Amino acid sequence: MFWHNFKYSLNTLFKNKTLIFWTFAFPLILGTFFDMAFSDIAKNEKLEVFDIAVVEKDENEENKIYTTSIDELSIEGDENQLFNTHYTSLEDAKNLLEKGEITGYVVLDDTPKVVVKSSGIEETILKSVIEEIATSSETIKIFIEENVKNADFPIRDYETFIEKLVEEAKDLLIDTESPIEDISRQNLDYTMIEFYTLIAMSCLYSGILALYSIDNVLANMSNKGKRVAVSPTRKGILVLSSTLASYVVQVIGLSLLFAYSIFILDVDFGNNLAGIILLSLVGSFAGLSIGLAVATVVKSNENMKTGIIISLTMLGCFLSGMMGISMKYIIDKNVPLINRINPANMITDG
């Protein structure tokens, strides 16, 4: 009887055009709109190499650290290149900035300073780089002072000693055996939040499938349910087989969504795709559980129950960022408890 009801429920679900639309077609349509809306955002916001100028007023070891670091970030063709650097006089740097040919210029004096014309991403990056170099320079200075203090004098070749210390200090700033390992996924495009919420929404929509299947075996919801109620078949077997049929249909819908997103929309889910798929399969159980709970607890008609499931799903999607990418972080910051119990959050953190 289990497999008979399973096949019957499966056939019934596939013949329901409304359910098939919400399970199969709607996520694909919404994914297409997401791709049309967000596909160019990451490309437009990609950081480009920009021009800066360096004015070196005093030639000393401290300024040498700045110029060396800036040169390292200005190697043409290098993957870490940030700047196209021009070494100029102060007057030329001012003229270049005024004409808009450079983002800003760095004056290497007793206290290095950054001069920009406006505020923006490139200006912020330039300022951050110089501040980082200043921090590293201070570290080197302290290192040298400690070594000079502890050195055995007299030192015949003081300059050679200082140069050696500078080189050793620079080596300290390059930790080739750092215990920190980057295990984050390769794709960190923040617009991917929309596609994760789309998967979460699809998972939670399985509740509608479960609702329809369970309503078919409830005496107060359908004529079939009345016949089932007086049949000798165990109700647990009917519920289990109907739920399994709903899950199979949901998995087929998820498979179509993943295939469409990856092969048609060219969505990059990063280097942990298997984990995301596994989490989606578990998430589908969560959606089925919501459908089962609403179907059995709520004593109302099918439209009311469907409205409750859709409302819960949309609330979860809203809190996870579907209607606004930053919403997830706003909720996490201001109402962390809601974020922890948000069902759609299981996908957006994937």
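Okay, let's start with the aromatic rings: the count in this structure comes to 12 aromatic pairs. Take Phe-21 and Trp-22, for instance. Their ring centres are 5.4 Å apart and the planes sit at 80 degrees, so we call that pair edge-to-face. Before I go on, please keep in mind that this is a predicted model.

Back to those two residues. Phe-21 is partly exposed, at 36% relative accessibility, and Trp-22 is partly exposed too, with a relative accessible area of 30%. Another pair to look at is Phe-34 with Phe-195. Here the centres are 6.1 Å apart and the planes are at 80 degrees, so this one also counts as edge-to-face. Now, what does this pair tie together? Phe-34 lies in helix α2 and Phe-195 in helix α8, residues 192–204, so the pair links parts that are 161 residues apart in sequence. And these two rings are buried: Phe-34 has 10% relative accessibility, and Phe-195 has 6%.

There's a cluster as well. Phe-21, Trp-22, Phe-26 and Tyr-205 form one aromatic cluster.

Let's move to the surface. Phe-21 and Trp-22 turn up again here, since together with Ile-29, Phe-33 and Met-36 they make a nonpolar surface patch of about 500 Å². If you want to find Ile-29 on the screen, go to helix α2, which runs over residues 17–38. Ile-29 is partly exposed, with a relative accessible area of 38%.

Next, the cysteines. How many disulfides does a search of the whole structure find? Zero. Why doesn't Cys-203 have a bond? Well, the closest cysteine sulfur is in Cys-317, and at 9.8 Å that's too far; a disulfide would need the two sulfur atoms within 2.5 Å. Looking from the other end, Cys-317 is in no disulfide, and its nearest cysteine sulfur is that of Cys-203. Are these cysteines buried or exposed? Cys-203 is buried, at 0% relative accessibility, and Cys-317 is buried, also at 0%.

Last stop, and Cys-203 comes back into the picture. Have a look at Ser-284, in helix α12, residues 273–297. Ser-284 is buried, with a relative accessible area of 0%. Which residues does Ser-284 touch, leaving out those up to four places away in sequence? They are Cys-203, Ser-206, Tyr-247, Gln-250 and Leu-254.

That's my tour, thanks for listening!

Technical notes
Residues numbered from 1 in each chain as written. Predicted model: local features only at pLDDT ≥ 70, side-chain atom pairs only at ≥ 80, totals over all residues. Heavy atoms only, no water. Patch = residues over 30% accessible without salt bridge, like charges linked within 9 Å, V, L, I, M, F, W, Y side chains within 5 Å. Areas by Shrake-Rupley, 256 points an atom, 1.4 Å probe, with all protein chains shown as cover. Salt bridge = Lys/Arg side-chain N within 4 Å of Asp/Glu carboxyl O. Helix = DSSP H or I, 4+ residues; strand = E, 2+ residues; numbered from the N terminus. Buried < 20%, exposed > 50% of the residue type's maximum accessible area, 1.4 Å probe, protein only. Contact = heavy atoms within 4.5 Å. Phe/Tyr/Trp six-rings, centres within 6.5 Å; stacked < 30°, edge-to-face > 60°.
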